[in-house]
Amino acid sequence: MTAEDEVRFRSVLDDVAAYKPGKPPERTDGRPSFKLSSNENPYPPLPGVLAAATEAAGNMNRYPDMGALPLLEALSERFDVPVTDLAIGTGSVAVLYHLLQAACGEGDEVVYAWRSFEAYPIAVQLTGATSVQVPLTEDARHDLKAMEAAITDRTKVVMVCTPNNPTGPVVHRDELVAFLDAVPRNVLVVLDEAYREFVRDTETPDCTEMYRDRPNVVVLRTFSKAYGLAGFRIGYAIGHAPVIAAIRKCALPFGVSEIAQAAAVASLRAEKELLDRVEALVVERTRVVGELRAAGWDVPETHANFVWMPLGDETLAFAEAVQAEGVSVRPFPGEGARVTIGEREANDLFLTIACAWRQ
């Protein structure tokens, strides 16, 4: 076959790295193993949520409600926003893909902190736009002043991940307000709050309040983390109607299944019980961070359901060591490892290995 006969694809794909999911643990000796590599909620579904999903599965021969009206109405009531200010997708990352597709093209720029969510550079590259990555501060936080300075007349979108994945710190209210005031009104600001329910820092704003008088602000949330619906893939955006209309135009028809929609509605109805589980994970997070610091680890403040291990060149060796004991974590070679807060047994096993590593 000659070059002329080969199927051609966009050249931008040549440099796009595939997204790397968290690896499952590998164990052959029969002992328990734990997956702490994907920021999943370790608790099983609540009975009412499972029943709603099971009932919806009985209609799997039919297309889902493309308008997702019952879910949008439930979210509208929950956040006191109009339905026209809401869009859903297969996870908040899918909504982000739709938004970037609507806003960006060749020659445009997207500014965001780095390291942050590893899907960001992939999503940006696929639009043909250029990523402008602004290094985190020494304490693994967003450097909003530097991000502001990185905005040019080519900038179409700025993304702020709070709490930041994979490092954990949040952006505080005063610095976020100052940043939003400084960003040009024709630049979209995406506030990614995938881990919002785990935040206990009182200086951190609820970003759904930030969008109300700012037409260029859109907030991303998900049911994958605190609500435990990672396997159903459902997330949403809150923004002003013109932004939401653009997202919806780029969305995949019938993308969110009827089962996912039903489970999400049931989860909102059972929010108190779900947030009780979140509180238990926050207690575990506090314990894990405390024991790591007592053992000599310099871990950043985290307000998500994970902890960041700044390992540098030791990252892969550490990941292999915990893997050998039946625990999978998410390594970022040369930088560090992100470790999900899981069930207590999993956390105890991880702590045993991590604390011994520092001795």
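**Exercise 1.** In this predicted model, find where Ala-68 sits along the chain, work out what is unusual about its phi, and decide whether Ala-68 is buried or exposed.

*Solution.*
- Step 1: go to the loop between α1 and α2 (69-79); that's where you'll find Ala-68.
- Step 2: check the backbone. Phi of Ala-68 comes out positive, at about 50 degrees, even though the residue is not a glycine.
- Step 3: recall the background. Most residues other than glycine have a negative phi.
- Step 4: look at accessibility. Buried means under 20% relative accessible area. Ala-68 has 0%, so it counts as buried.

**Exercise 2.** Run through the same checks for Asn-39: which loop holds it, what is its phi, and is it buried or exposed?

*Solution.*
- Step 1: Asn-39 belongs to the loop between β1 (34-35) and α1 (47-57).
- Step 2: its phi is near 55 degrees, which is positive for a residue other than glycine.
- Step 3: the relative accessible area of Asn-39 is 1%, so this one is buried.

**Exercise 3.** Now for omega: what is the geometry of the peptide bond from Trp-114 to Arg-115, and of the one from Thr-162 to Pro-163? Then place Arg-115 and Pro-163.

*Solution.*
- Step 1: keep the usual case in mind. Most peptide bonds are trans.
- Step 2: from Trp-114 to Arg-115, omega is near 15 degrees, and the bond is cis. Arg-115 lies in the loop between β3 (109-114) and α4 (119-127).
- Step 3: from Thr-162 to Pro-163, omega is near -5 degrees, and this bond is cis. Pro-163 is in the loop that runs between β5 (155-161) and α6 (173-182).

Definitions and conventions:
Residues numbered from 1 in each chain as written. Predicted model: local features only at pLDDT ≥ 70, side-chain atom pairs only at ≥ 80, totals over all residues. Heavy atoms only, no water. Helix = DSSP H or I, 4+ residues; strand = E, 2+ residues; numbered from the N terminus. Buried < 20%, exposed > 50% of the residue type's maximum accessible area, 1.4 Å probe, protein only.
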